[in-house]
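Student: I have a new model open and would like to learn how to read its features. Could you walk me through some of them?

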Amino acid sequence: MAEKLKTNAMRILERMGVDYTAHEYAAADGKIDGVAVAGKIGLPAERVFKTLVTKGTGRDYFVFVIPVARELDLKAAARAVGQKAVEMIPVADINRVTGYIRGGCSPIGMKKAYVTVVDASCESLDTMVVSAGKIGHQVELRPADLLAAAGASVAAVAADHPAG
């Protein structure tokens, strides 16, 4: 039997002794938006989170992890990291900055440790799902374990209105 794929994020979680559940989904159809991913793994969108990378007013990058059906509140995000403003980085820069590609960007195991903030909505969840670092692969874990693995803090950074 073929061995299951292990991503760098999964290996980091295992080294830390973190229990997680791996979820795989078919990505051949090109649908990698978070809401579609939630449907493919059979979980509500409120429990599936996306990883967004921003740049502050200086040269620093900041990572935000928010529910897939919501948008990042840029003003709240900037406040959460002590910046005057943050803006999304261009998709073309994701690999260079994080080591991951669009649709497979995990808050765990980026090539550099960036200030990372997880939306406060995670606090009401028993488990949450984030990218495992490769398109087609997700990990489900307790919010506290994600915070520890990503060196993250929690703040209300998702906009009240859904993405659309």
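Student: How many bridges join strand β2 to β5?

Tutor: Keep in mind that this model is predicted. Three bridges link β2, residues 49–56, with β5, and the two strands run antiparallel. For a concrete pair, look at K55, whose bridge partner in β5 is E87.

Student: What is the order of the strands in the sheet?

Tutor: Reading across, the five strands follow the order β5-β2-β3-β6-β9 in an open sheet with mixed pairing. At the edges sit β5 (86–88) and β9 (152–155), each pairing on one side only. On average, neighbouring strands are turned by 35° against each other, ignoring direction.

Student: Which strands does helix α5 lie across?

Tutor: Helix α5, residues 143–150, lies across β3 (61–67), β6 (115–119) and β9, and runs at about 130° to β9.

Student: Now a single residue: is C105 buried or exposed?

Tutor: Buried means under 20% relative accessible area. C105 has 9% relative accessibility, so C105 counts as buried. You will find C105 in the loop between α4 (94–98) and β6. Leaving aside residues up to four places away in sequence, C105 touches several residues, including T51 and V53.

Student: How far apart are C105 and K134 in space?

Tutor: Their C-alpha atoms are 7.1 Å apart, while the two are 29 residues apart in sequence.

Student: And which residues does T7 touch?

Tutor: T7 touches A132 and K134, again not counting residues up to four places away in sequence. T7 is in the segment before α1 (8–16), and T7 counts as buried because its relative accessibility is 6%.

How values were computed
Residues numbered from 1 in each chain as written. Predicted model: local features only at pLDDT ≥ 70, side-chain atom pairs only at ≥ 80, totals over all residues. Heavy atoms only, no water. Helix = DSSP H or I, 4+ residues; strand = E, 2+ residues; numbered from the N terminus. Buried < 20%, exposed > 50% of the residue type's maximum accessible area, 1.4 Å probe, protein only. Contact = heavy atoms within 4.5 Å. Pairing = 2+ DSSP bridges. Axes fitted to C-alpha atoms, helices over the stretch in contact; angles between N-to-C directions.
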